[in-house]
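Work through the exercises below with the sequence and the structure open. Each task is followed by a solution in steps.

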Amino acid sequence: MASLQASNFLISSSSSSSKQIHAALSVPKLPSIRFSVPKVKSKKLSEELNTRDGFIGTIPIQKNVDRTTLLQETSSVSMVTLQLYDILEAVADRVEMHKNIGEQRENWNSLLLNSTNMITLTAATMAGVTATGGAGVSLLGLKLASTLLFSAATGMLVLMNKIQPSQLVEEQRNATRLFKQLQSQIQTLLAVGSPSKEDVKDAMEKVLALDKAYPLPLLGVMLEKFPESLEPAVWWPKNQSQKTNQEKHFNGKVKSNGWSEELEMEMREVVEVIKRKDSEEYEKLGNKALKMNKVLASSGPLLTGIAAVGSAFMGSSNGPWAEIVAVVAGALASVVNTFEHGCQVGMLFEMYRNNAGFFKLVQESIESTLAESDVEKRENGELFEMKVALQLGRSLSQLRDVAKKSSYSRIEGSPVDEFASRLF
């Protein structure tokens, strides 16, 4: 019985093993299965590679034809914006340059003033000590030192009066302010406007006009410090095309682009007030400051030169007059130098020149706007009136009152007793 069970077990095991071997050898052919691997987007992969470590770079990826064509079409539109950003960077750089050079030239003014006064007073003191020396005492060293110091002070005063450091400082202050103003205008245009090629051209012309009005170098292109008379500063580009002034008639109170006949008459009266009062007054004050500066600039070196000659002739044989001339002329030269450069008379003249230029700019802007016959091409009338009022430091009602007073004074033949501006 046991042998039968053993034989059955062997037969079953052999059959199962033969099935396993047969199954292993003769595997049925499986059908081909295609696995769909999810496609990784190149954009996400490039972004992951570019933004790694916190940096954003660009990896050249082949784009389709439609996207390339779109970029080519939009690049021509954004070129104006890119050009304005380039101009904006140049303007910001000029702001820093004029600011730094203004601080440097302000240091020049203080250092040259103090140094020249110290040299002049030291030479005058030496001349006084020489005068108090007794007979037979050799004071040749003090005499030579006094003469040399007076001569050095004369040369320094000639140079200082030629360049007028206080006036140079005021030029750089005005240039910094005007470049900052241009910078804010370009930023506003980029933020809320739709810039065009004309805006780029206009910005370029304004930058070049400011460079010409306020040059940085001293040699060759420095502004004339002692002109024949005051000429208002001009820091804006001249209009290329002259517009014909054709009268535009309005029907009663009907407004077109914010303009009306009353507003045009108001602007013309404001121009007349600026011409007859503000511009004339500042040109008169500027000419007075110019004459004063000319007298002081010539008196300082002349006095130190006289003191140098007097100190050269000091000695017992010439009496006390040479010492007296040297001491008195040296003291007067120090006073004149302090008044001219300490009170900054050159800066005062430059301030009047820029104020006269400001009124000339307001006058030309009003006249050029009114010269445009097509009111639709003008700036909005209400906005323009508000801008002029703010430039002159007045409210709208005050500006209209000034225009009415000017009209009444012209009818009655009496002079206007009020200035257009309340800022200067």
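**Exercise 1.** Decide whether Arg-378 is buried or exposed in this predicted model, and describe its surroundings.

Solution.
- Step 1. Locate the residue: Arg-378 is in the loop that runs between helix 9 (345-371) and helix 10 (381-391).
- Step 2. The relative accessibility of Arg-378 is 6%. Buried means under 20%, so Arg-378 counts as buried.
- Step 3. List the contacts. Apart from neighbours within four places in sequence, Arg-378 is in contact with Asn-257, Trp-259, Glu-264, Thr-369, Leu-370 and Glu-372.
- Step 4. Look at two of these partners. The side chains of Arg-378 and Glu-264 are joined by a polar contact of 2.7 Å. The charged end of Arg-378 sits over the ring of Trp-259, 4.9 Å from its centre.

**Exercise 2.** Classify the ring pair of Trp-259 and Phe-384, one of five aromatic pairs in the structure.

Solution.
- Step 1. A pair of aromatic rings is described by the distance of the centres and the angle of the planes.
- Step 2. For Trp-259 and Phe-384 the centres are 5.8 Å apart and the planes are at 40°, so the pair is tilted.
- Step 3. Place the two residues in the chain: Trp-259 belongs to the loop between helix 6 and helix 7, Phe-384 to helix 10, and 125 residues separate them.
- Step 4. Check burial. Trp-259 counts as buried because its relative accessibility is 0%, and Phe-384 counts as buried at 4%.

**Exercise 3.** Classify the ring pair of Phe-358 and Phe-359, and name the cluster that holds both residues.

Solution.
- Step 1. The ring centres of Phe-358 and Phe-359 are 5.4 Å apart with planes at 65°, so this pair is edge-to-face.
- Step 2. Both Phe-358 and Phe-359 are buried.
- Step 3. Together with Tyr-282 and Tyr-352, Phe-358 and Phe-359 form one aromatic cluster.

**Exercise 4.** Which element gives the most to the largest nonpolar core?

Solution.
- Step 1. The largest nonpolar core has 47 residues; among those that touch the most other members are Met-267, Ile-366 and Val-388.
- Step 2. Elements that give two or more residues to this core include helix 3, helix 5 (165-192), helix 7 (261-312) and helix 11 (396-412).
- Step 3. Helix 7 gives the most, with nine residues.
- Step 4. Follow one member outward: leaving aside neighbours within four places in sequence, Val-388 is in contact with Met-267, Val-270, Ile-366 and Leu-399.

Definitions and conventions. Residues are numbered from 1 along each chain as its sequence is written. This is a predicted model: local features need pLDDT of at least 70, side-chain atom pairs count only at pLDDT 80 or more; totals for chains, interfaces and linings use all residues. Side-chain values use heavy atoms; hydrogens and water are left out. Helices (H or I, at least four residues) and strands (E, at least two) are DSSP runs, numbered from the N terminus. Buried means under 20% relative accessible area, exposed over 50%, partly exposed in between (1.4 Å probe, protein chains only). A polar contact is a pair of N or O atoms within 3.5 Å; within protein, one must be able to donate a hydrogen and the other to accept it, and residues adjacent in sequence count only if both atoms are side-chain atoms. Contact means heavy atoms within 4.5 Å. A nonpolar core is a set of buried Ala, Val, Leu, Ile, Met, Phe, Trp, Tyr and Cys residues joined through side-chain atoms within 4.5 Å. Rings of Phe, Tyr and Trp (its six-membered ring) pair if their centres lie within 6.5 Å; planes under 30 degrees apart count as stacked, over 60 as edge-to-face and the rest as tilted. A charge sits over a ring if NZ of Lys or CZ of Arg is within 6 Å of the ring centre and within 35 degrees of the ring normal.
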